[in-house]
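Subject: Handing over the structure

Hello,

Here is the structure I promised to pass on to you. Please have it open while you read, and my notes will follow underneath.

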Amino acid sequence: MEAVIAVIGAGTMGAAIALLFANAGFEVTLVDKSRGALRRAEDRHRGESLEELEEAGLRKRDNPASLITYTTELRVDECDFIVEAIVERLRDKIELFRKIEERNSPAVLATNTSSFMPSEIARHLANPERLTLFHFSNPPILMPLVEVGGEIVSDETVERAVEMAKSIGKEPVVLRKECRGHVLNRMLGAAGVAVGYCLLYSRPEEIDAALRNLGMRYGFFETLDLIGLDVAKDVLESFREYYGDKYRGIRAMDFFMEKMVEWGKLGKKSGEGFYKWDGRRASIPEANPADVTPLVAAIVNEAFRIVEDGIAEEEIVNRVYRLATNAPYGIIDAAELLGYQCLIEALDDAFNKTGLEVFRPCKTLRSKA
Ligand code: NAD
């Protein structure tokens, strides 16, 4: 397939996405306003990202970075597929896409936004039907998921995005109805609140040990470190601005996250977050697994709420979870293994103790139990 790609934002996500395209043989322009970010991206492209391509079984060429031009200028005129992966701020994304449209109106515009609905950006553009969700799961080279779609995007744009995701070795999932956080991050958002409750009685490494035992490739705190605590905080703020109390959390956890960001402990990208990092690996202390039933119950509860809200069917929610975590099964499969009665009991108990909305059992879950 012939296409010239631009990726805007060379941070955790954009750098990896650019390499995925170059590895598949596309010519790529990687743009960032920070020279430092471009330098770090280039270093990763010649080191750890190549290891990740190997590990994912995707590596196709010796030096994919040779197909990438690194620049601080918004050089997108000749591109026909443009992926945005800049900071999670709605007005910054709108401003960027408007500038891109001034230079290149026929290109397909793809946003990797974690929380905003694609139409929240698209409705400010001259050609809103050209903008699609194109949301990767982290680490983007290793995880197969890309959520694609939107409510005002054209079928043609969605088809093109699906094709492009497949061409770089990913498994796209099309979502027609929008919500902030799409499918994956609504589950992660609920988990982010619920894990604060688990922290009242367990340590991060104990919680992560339990989640790895349940088949997740990474524990929750390891995932937070991979995402970046600054990015996770932006996403939670976007959720709370839109959904109000629904994702209200334990105050101690919110305070702690804020302090970590203030102290520059952002996770893997700064070398330390919940864990210390040496390149691609976190040093996680050995630990006995904690009881994470309330955490899993909150994710299952959110999964069924997504279905109740008409965002996606059970099968899609199940699949999104499996592709984003690399677990051998989806979240609904996990619920069936654990048993609905046990999940409801955990939710009722946590809700009675905390009053947090993520623990209030939804109708579907109650009826299943
Ligand atoms: P990051 O902070 O690592 O990188 C963002 C980069 O964008 C920075 O290098 C910054 O200099 C650059 N930037 C900011 N504004 C810019 C502009 N106007 N023009 C050019 N460059 C600009 O962030 P990230 O983790 O890579 O996240 C990027 C996007 O992807 C966000 O929307 C985020 O919500 C989303 N996302 C993140 C993850 C994750 O796990 N980190 C997963 C999926 C989606």
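Below is what I found, starting with the whole chain and then moving to single residues.

First, please keep in mind that this is a predicted model.

**The overall picture**

The protein is built from 16 helices and 10 strands. Its radius of gyration is 20 Å, close to the 21 Å that the globule rule gives for 369 residues, so the protein is as compact as a globular protein of that length. Along the principal axes, the C-alpha trace spans about 55 × 40 × 35 Å.

Of the 369 residues, 58% count as buried. Looking at contacts with a separation of 6 or more, 72% of them come from residues 24 or more positions apart. The surface that the protein exposes comes to about 15500 Å², and carbon and sulfur atoms supply 46% of that area. As for charge, there are 48 positive and 60 negative side chains. The centres of these two sets lie 3 Å apart.

**Backbone details to look at**

Which two residues does a cis peptide bond join? They are Asn 138 and Pro 139, with omega at about -5°. You will find Pro 139 in the loop between strand 6 (131-136) and strand 7 (145-149).

Two residues other than glycine with a positive phi are also worth a look. For His 182, phi is near 55°. This residue sits in the loop between strand 8 (171-175) and helix 7 (184-198). Is His 182 buried or exposed? With a relative accessible area of 3%, His 182 is buried, because anything under 20% counts as such.

Asn 326 has a positive phi of about 65°, although this residue is not a glycine. Its place is the loop between helix 13 (314-325) and helix 14 (331-338). At 32% relative accessibility, Asn 326 counts as partly exposed.

**Aromatic rings**

The count of aromatic pairs comes to 14. One of them is formed by Phe 21 and Phe 81, a tilted pair with 6.1 Å from centre to centre and 50° between the planes. Phe 21 lies in helix 1 (residues 12-23) and Phe 81 in strand 4 (residues 81-84), so this pair ties together parts that are 60 residues apart in sequence. Phe 21 is buried, at a relative accessible area of 0%. Phe 81 counts as buried too, with 0% relative accessibility.

Another pair is made by Phe 256 and Phe 274, whose ring centres are 6.0 Å apart and whose planes meet at 55°, so this pair is tilted. Here Phe 256 belongs to helix 11 (residues 251-262), while Phe 274 is in the loop between helix 11 and strand 9 (276-278), so the pair ties together parts that are 18 residues apart in sequence. Phe 256 is partly exposed, with a relative accessible area of 35%, whereas Phe 274 counts as buried at 16%.

Which residues do ring pairs link into a cluster? The cluster consists of Phe 21, Phe 26, Phe 81, Phe 134 and Phe 136, so you will meet both partners of the tilted pair in helix 1 and strand 4 again there.

**Glu 129 and Thr 157**

Lastly, here are two residues that touch each other. Glu 129 lies in the loop between helix 5 (118-122) and strand 6, and with a relative accessible area of 32% this residue is partly exposed. Leaving out residues up to four places away in sequence, Glu 129 touches Ile 152, Val 153, Ser 154 and Thr 157. The C-alpha atoms of Glu 129 and Leu 188 are separated by 28 Å, and the two residues are 59 apart along the chain.

Thr 157 is found in helix 6 (residues 155-167). At 4% relative accessibility, Thr 157 counts as buried. Not counting neighbours within four places in sequence, Thr 157 is in contact with Val 108, Glu 129, Arg 130, Leu 131 and Thr 132. Between the C-alpha atoms of Thr 157 and Glu 258, which are 101 residues apart along the chain, the separation is 38 Å.

I hope these notes help you find your way around.

Best wishes

Conventions. Residues are numbered from 1 along each chain as its sequence is written. This is a predicted model: local features need pLDDT of at least 70, side-chain atom pairs count only at pLDDT 80 or more; totals for chains, interfaces and linings use all residues. Side-chain values use heavy atoms; hydrogens and water are left out. Helices (H or I, at least four residues) and strands (E, at least two) are DSSP runs, numbered from the N terminus. The radius of gyration is taken over C-alpha atoms; the globule rule is 2.2 Å times the number of residues to the power 0.38. Buried means under 20% relative accessible area, exposed over 50%, partly exposed in between (1.4 Å probe, protein chains only). Contact means heavy atoms within 4.5 Å. Accessible areas come from the Shrake-Rupley method with a 1.4 Å probe; for residues, only the protein chains shown count as cover. Lys and Arg count as positive and Asp and Glu as negative; His and the chain ends are not counted. The place of a charge is taken as NZ of Lys, CZ of Arg, CG of Asp or CD of Glu. Rings of Phe, Tyr and Trp (its six-membered ring) pair if their centres lie within 6.5 Å; planes under 30 degrees apart count as stacked, over 60 as edge-to-face and the rest as tilted.
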